[in-house]
Amino acid sequence: MSKPKRGNDAIPTWSGFNYQGKITLLCSLIEINKLIAKGYRQELLNDCYVEIEKTEDFVLFLQGNVKSLYQVKAYLSKDKTSSYLEAMKKLIEHRSSLNALTADCYICAPRPISDWNDSGNTYKNQIKLFSYNASPVYVTEVAEKIKIELEETLKYMGIASQRVNDIYLGLCSYLDSKVAEMHNQETAKRNYNLLFKEMTDFIITAHTHYVVEQETIQKENIYNHIVGNFKNVINEFCNNECENKQMGTCKKDIYGSCALTTSYDYLIEINIWEYCKYLNPHIITGW
């Protein structure tokens with residue numbers, strides 16, 4: 001049986017799981033963190049988004065205005081400006097076409113361009129080399145840089161950082177699905193924009209799912225612990241202490257029924273999670 005097609009053939013070359021997609025995610029998180037560092041409010045992210053695969057590899061918009069344009073080239077063997085001339089020419093042309101002459105233009109490459117500052121590079125005063133902490137972002141390092149920014153995002157949002165890797169992978173998958181969705185739309189109706197608010201909403205949703213999952217696991221462990229221990233105590237008493245046991249199980253006492261087995265029957269019917277609150281009344285929150 002043939003596998004179903006996954007939309008446009010270009011998708012595998014542009015997603016959250018390759019260099020171009022990861023650089024897009026990194027730059028988006030950097031800008032999101034700059035915005036919410038002013039005081040986390042969702043309205044700060046209104047009309048802020050990244051436009052992907054339309055005018056440029058991606059373009060960042062803040063409050064509806066072009067902030068920066070990016071060309072991403074994952075060259076591992078090219079370190080001369082001559083390899084980037086076409087990309088740099090496009091950046092300048094596209095900035096002009098967007099009427100955004102004050103916007104920054106970036107070349108994103110995973111290694112230094114050795115002759116960038118030579119006098120023959122006529123673009124060096126118009127275009128910047130993207131860097132993170134003053135260094136190029138190597139292909140094998142981009143995920144680490146994203147997680148650093150993501151930890152900052154989580155801190156601003158009041159979310160613990162222990163799940164940063166899971167949320168990072170979720171964001172990559174989310175970006176992947178958004179690109180696939182975009183390619184399945186007619187060109188004239190295509191939505192090229194990924195809103196910053198959608199990204200932060202995804203983070204909040206992913207965290208909420210994690211909390212629910214961990215609570216469910218905790219409830220299950222508590223249930224098994226209480227019910228299992230109670231059953232073991234009953235069995236031990238019946239086998240070693242009870243004079244009225246029948247076939248190894250305590251059935252009745254002189255009053256007509258066994259309080260222990262009856263209690264066990266009631267126990268497995270109650271809400272264990274609520275029961276725990278009565279066992280630990282000093283715990284006010286966190287249930």
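1. Asparagine 133 is exposed, its relative accessible area being 67%, and this residue lies in the loop that runs between E5 and helix H3 (142-156). Although asparagine 133 is not a glycine, its phi is positive, at about 55 degrees. The model is a predicted one, and the backbone angle given here should be read as belonging to that prediction.

2. A second asparagine invites the same kind of reading. Asparagine 99 is found in the loop between H2 and E4, where it follows H2 and has a positive phi near 55 degrees, again in a residue other than glycine. Asparagine 99 counts as exposed because its relative accessibility is 67%, and the cut-off for that class is over 50%.

3. The helix that comes before asparagine 99 has a span that can be checked against its length. Helix H2 (residues 85-97) has 13 residues, which should span 18 Å at 1.5 Å a residue, and the distance between its end C-alpha atoms is 18 Å, in agreement with that expectation. Its buried residues are Ala87, Met88, Leu91, Ile92 and Arg95. These residues lie on the same side of H2, because the arc that they cover around the axis is only 135 degrees. Among the elements that cover the buried residues of H2 are strand E3 (65-72) and strand E4 (104-108).

4. For H3, the corresponding check concerns 15 residues, for which the distance from the first C-alpha to the last is 21 Å, close to the 21 Å expected at 1.5 Å a residue. The buried residues in H3 are Val142, Lys145, Ile146, Glu149, Leu150, Thr153 and Leu154, a list in which Lys145 and Glu149 appear beside Val142 and Ile146. The buried residues of H3 pack against helix H1 (19-36), helix H4 (164-183) and H5. Just after H3 comes glycine 158, whose phi is positive, at about 75 degrees.

5. The sheet deserves a point of its own. Six strands form an open sheet with mixed pairing, in the order E5-E4-E3-E2-E1-E6. Strand E5 (128-129) and strand E6 (193-195) stand at the edges, and each has a single partner strand, so one side of each is left without a neighbour in the sheet. Helix H5 (residues 196-240) packs on this sheet, where it touches E1, strand E2 (58-62) and E6, and the direction of H5 makes about 50 degrees with that of E6.

6. At the E6 edge, the pairing can be stated in detail: strand E1 (residues 49-52) and E6 run antiparallel and are joined by three bridges, with tyrosine 49 standing opposite leucine 195 in E6.

7. Some totals for the protein chain complete the note. The secondary structure comes to seven helices and eight strands, and of the 287 residues, 40% count as buried. Where contacts in the protein chain join residues at least 6 apart in sequence, 63% of them are between residues at least 24 apart. The protein chain exposes about 16,700 Å², of which carbon and sulfur atoms supply 50%.

Conventions. Residues numbered from 1 in each chain as written. Predicted model: local features only at pLDDT ≥ 70, side-chain atom pairs only at ≥ 80, totals over all residues. Heavy atoms only, no water. Helix = DSSP H or I, 4+ residues; strand = E, 2+ residues; numbered from the N terminus. Expected span 1.5 Å × (residues − 1). Buried < 20%, exposed > 50% of the residue type's maximum accessible area, 1.4 Å probe, protein only. Arc of directions from axis to C-beta. Contact = heavy atoms within 4.5 Å. Areas by Shrake-Rupley, 256 points an atom, 1.4 Å probe, with all protein chains shown as cover. Pairing = 2+ DSSP bridges. Axes fitted to C-alpha atoms, helices over the stretch in contact; angles between N-to-C directions.
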